[in-house]
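Work through the exercises below with the sequence and the model open. Each task is followed by a solution in steps.

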Amino acid sequence: GDPFAPFEAWTAKEMADAASGAPRPDRTRRFTFTPATAKVYRTIWKGWITWLASEGLQWNQATSAQVRKFLSGPTPGGEGVGRNPIDKRKMANYTQQRYWRVLRGVYALAFPSDPSRNMSDLEEKDRPKVQARSRTSQVLPPGVLQALQDPKMLAVLVPRESSTHWWIARDRAAMALLAHCALTTAELIALQADDLMVGNATLSPDYDQQNNIPSVQDPTGPRVNISQGMERTVPLPPAALINVMPWLQERSQLLYDRLGLPLNGPDAAAMPLFLSRQKENGKLTSMEPTSIWQMVSRCLRAALQDPSIHVAVDSSGRVAKGAAIVRNSVLQRWLWIDKRSPADVARLAGLKSIASLRLPLPDTAKDNTS
């Protein structure tokens, strides 16, 4: 049968459970499971199916023995399976956890009464656990976040080779929001143009930044309203606007040229802020998680190779290249450089408590939160 049918059944159940808010026996707090989550996990399931095929097995022939062998090996790669792993010899700790969650969930639903098929007979020592060192969030090497927050440097790191490459303006704006506002990939994807506000109105592509000098402290100044996950408002500093405004202008023209939407009209404002280069059923849609990762990865790779940026990489020489490490670095800056309180940083990050920061706190902050 269809190897994706059991996966689709599991994701449908997970989304229904998450939407109901029903308590889960294996969780101490409410969880979320969205279509974006399902899309990421589908890539994980595809990696598993691909690996099984290399072993000459179908999905319903797998037992805990195959799971143990799979999780102890390298992350599956290849076209359509996922991005290249940092270590090609062994799965990262968090990658093991994510595969384990998907495999355990799908097989427990498909074979509830067969221990060898639903993975319940897998010994505790063979079940992936998040190691203590993996619980500390990775941050960018010194100098890289500063480069991402510098509008001129960001333009160098995300070069535009042709005036027709409208997506370069998009990528610069998206990177500016990541580097200044600490958004997650899902939050970036969910943004619409009317989530950017100034005063009580949508931030217009015609907004005159020079004559309306925004202040980060001004609650009515330019800001981004985030509704994905925990709702919150994060200020848009002037340095971010320098790359955001050109995209708003180019996006407005793009929607007019492609869809005939009135320039700066409400229909354009209610569409995804960061449009994909690909159409779906003839419509422009938002970027996908893999596109976001590729965008961030290209930019960070350029930053790490730029001789004008002082980069001190640890002895392993490895630096994560997704949106999460940019977000973590912004949160660390808010804590240590901007001297914001951990509670304020957690609020701006959309976290329920400072325990979720998973970052070392300044000593004074520890004293104030103990």
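**Exercise 1. A pocket and its lining**

What is the volume of the second largest pocket? Describe its lining as well.

Solution. The model is predicted.

Step 1. The second largest pocket has a volume of about 570 Å³.

Step 2. Its lining is made up of 25 residues. Those that lie nearest the centre of the pocket are Arg170, Arg277, Ser291, Gln294 and Arg298.

Step 3. Two or more lining residues come from each of these elements: helix H8 (166–181), strand S5 (275–280), strand S6 (283–286) and helix H12 (289–305). H12 gives the largest share, seven residues.

Step 4. Sorted by character, the lining of the second largest pocket has nine nonpolar, eight polar and eight charged residues.

**Exercise 2. A packed helix pair**

How are helix H3 (residues 64–71) and helix H4 (residues 93–110) placed relative to each other, roughly parallel or roughly antiparallel?

Solution.

Step 1. Two packed helices are described by the angle between their axes and the distance between the axes.

Step 2. For H3 and H4 the angle is about 160°, and the axes are 11 Å apart.

Step 3. Angles over 145 degrees count as roughly antiparallel. H3 and H4 are therefore roughly antiparallel to each other.

Step 4. The handedness completes the description: H3 and H4 make a right-handed crossing.

**Exercise 3. An open sheet**

What is the order of the strands in the open sheet of four strands? Find the edge strands and follow the pairings of S3.

Solution.

Step 1. The order is S2-S1-S3-S4, and the pairing is antiparallel.

Step 2. Strand S2 (201–202) and strand S4 (232–235) each pair on one side only, which makes them the edge strands.

Step 3. Strand S3 (residues 223–226) is joined to strand S1 (residues 196–198) by two bridges, and these two strands run antiparallel. Here Val224 in S3 stands opposite Leu196.

Step 4. S3 also pairs with S4, over four bridges and in the antiparallel sense. One position to look up is Asn225, whose bridge partner in S4 is Thr233.

**Exercise 4. The turn between two strands**

How many residues lie between the strands in the hairpin of S3 and S4, and which residue there takes a positive phi?

Solution.

Step 1. The hairpin has five residues between the strands.

Step 2. The residue with the positive phi is Gly229, with a value near 75°.

How values were computed:
Residues numbered from 1 in each chain as written. Predicted model: local features only at pLDDT ≥ 70, side-chain atom pairs only at ≥ 80, totals over all residues. Heavy atoms only, no water. 1 Å grid on protein atoms, 1.4 Å probe; cavity = no way out; pocket = protein on both sides within 12 Å on 5 of 7 lines; lining within 4 Å. Points joined across faces, edges and corners; volume = space filled by probe spheres on them. Nonpolar A, V, L, I, M, F, W, Y, C, P; charged D, E, K, R; others polar. Pairing = 2+ DSSP bridges. Axes fitted to C-alpha atoms, helices over the stretch in contact; angles between N-to-C directions. Parallel < 35°, antiparallel > 145°, perpendicular 65-115°, else oblique. Left-handed = near helix turned anticlockwise from the far one by under 90°.
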